[in-house]
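User: Hello! I am new to this structure and would like a close look at one part of it, with enough of the surroundings to place that part.

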Amino acid sequence: MSVSICPSSSAPTGDEKNHEALDRGVQGLDAADRAIVLATQAGLPLVPDPWGAVGREVGMSGEAVLERMQAMQASGVIRRVAAVPNHYRLGYVANGMTVWDVDDAQIARLGREVAAIEGVSHCYRRPRHLPHWPYNLFAMLHGHSVDEVERQAAVLREHLGEACRDHRILYSSRILKKTGLRLAGARPDAASTDTERRG
Amino acid sequence: MTLDDLDATDRHLINRLQDGLPLVARPYAAVAEALGIAEDDLLGRLSRLRDGGVLSRFGPMYHAERLGGGLTLAALAVPEPDFDRVSEVVNAFPEVAHNYRREHELNMWFVLATETPERIAETIAGIEAATGLPVFNMPKEEEFHVRLHLPV
């Protein structure tokens, strides 16, 4: 759960403008890139030559698969190729979504600073829904206990100071679904691959 | 499979591979060498950790909007007696990538990932129609940090 989208309605910052330029540059993923995405979105084969294994599925050489994945990583389409841990199995039983009502005039700076605090895994500005939901800054914290998360949250609270009017910690108590990001197979020749991958 | 089943090498491996696999010709061999173990040992451990559920997955982490897709976080305030039924209805939408129960009046939080940005609004309308509840849509307005790393 590591991706999200810039809505067109938000006022772009300098960084967002760069992202938009990048987004335009990579949206033309070609059919071969797309086939690689479909073949790997459920996971990379655990064999000595994973690129060759993907290549055999999509009708490409392993070298071509590797080159295309390197290019996608360089452009940010792939954040990284990595192990995604199950929080609970690793002992991180307290997973708190902390939400903060932060002064709009200061949130750009404070968001960056909060994001850099140890233990914050994801940090975003999101829209308020007044009057039900006044919170505009989200920071995910993961701990071995509720106490540990509360201590981390206290550090964030201290840092935000008077710019923060209110906050909450929403703990996850049940995983209802966790399949991750999946593209459906839009091309007929890729659909079978996707079906196999989904099992 | 739990934390108690992991030895020191498993832990090094998990910590190392959360940072990312190098995109080189024999990537697992490269990581194995850095950890001082054999490639087949590493592959066996990685399979075991994934199949045992310690790892949710192993592979590329794609960036939804740079794939040209849409992504958002959304929430529902579900009346307690209806929770399981609404959960089934929401989870049945293929666009729902994750869904968590959280302890708040807004008690169901899900991520929507769609083929196109336009599909987000259609999916939200579909969920509202199917559940009879208003969806609180909270798309990212600015991303400050995305870097999950859980040391073991």
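Which strand of chain B do bridges join to β3(A), and how do the two run? Please start there and then work outwards.

Analyst: Happy to help, and one thing to keep in mind from the start is that this is a predicted model.

The strand you are after is β6 of chain B, residues 142-146. It is joined to β3(A) by 4 bridges, and the two strands run antiparallel. To find one of these pairs by eye, look for A:Tyr124: its bridge partner in β6(B) is B:Glu143.

Now let us step back to the contact between the chains. Chain A gives 76 residues to it and chain B gives 70. On the chain A side, several elements supply at least two residues each, including β3 (120-125), the strand we began with, as well as α1 (14-26), α2 (31-40) and α5 (107-115). The largest share on this side, 10 residues, belongs to β5(A). Sorted by class, the side of chain A that touches chain B holds 39 nonpolar, 23 polar and 14 charged residues.

Nonpolar residues also lead us to the cores. In soluble globular proteins, nonpolar side chains tend to be buried together. Here the largest nonpolar core has 62 residues, and those with the most contacts inside it are A:Ile36, B:Met108 and B:Leu112. Strand β4 of chain B, residues 108-114, provides the largest share of this core, with 6 residues. If you would like to explore around A:Ile36, set aside its neighbours within four places in sequence, and you will find it in contact with A:Val54, A:Val58, A:Val65, A:Arg68 and A:Met69. Another core, of 26 residues, lies apart from the largest one; among its members are A:Ala94, A:Met97, A:Leu110 and A:Leu160.

It helps to see each chain as a whole, too. Chain A has 7 helices and 5 strands, and from the N terminus its elements follow the order α-α-α-α-β-β-α-β-β-α-β-α. Its domain assignment gives domain 1 (20-84) and domain 2 (94-171), and the C-alpha centres of these domains of chain A lie 34 Å apart. Of the 199 residues in chain A, 39% count as buried.

Chain B, the home of β6, has 5 helices and 6 strands, in the order α-α-α-β-β-α-β-β-α-β-β from the N terminus. Its radius of gyration is 20 Å, well over the 15 Å that the globule rule gives for 152 residues, so chain B is more spread out than a compact globule. Along the principal axes, the C-alpha atoms of chain B fill a box of roughly 55 × 35 × 25 Å. Of its 152 residues, 41% count as buried. When contacts in chain B between residues at least 6 apart in sequence are taken, 57% of them join residues at least 24 apart.

One pair of residues lets you see such a sequence separation in space. B:His12 sits in helix α1 of chain B, residues 8-18. B:His12 and B:His149 are 137 residues apart along the chain, and their C-alpha atoms are separated by 13 Å. As for its surroundings, B:His12 has 17 other C-beta atoms within 10 Å, so it counts as partly exposed; a buried residue would need 20 or more.

Notes: Residues numbered from 1 in each chain as written. Chains lettered and ligands numbered in written order. Predicted model: local features only at pLDDT ≥ 70, side-chain atom pairs only at ≥ 80, totals over all residues. Rg over C-alpha atoms; globule rule 2.2 N^0.38 Å. Buried ≥ 20, exposed ≤ 12 C-beta atoms within 10 Å, placed from the backbone. Contact = placed C-beta atoms within 7 Å. Nonpolar A, V, L, I, M, F, W, Y, C, P; charged D, E, K, R; others polar. Pairing = 2+ DSSP bridges. Core = buried A, V, L, I, M, F, W, Y, C linked by C-beta atoms within 7 Å. Domains from an automatic or database assignment.
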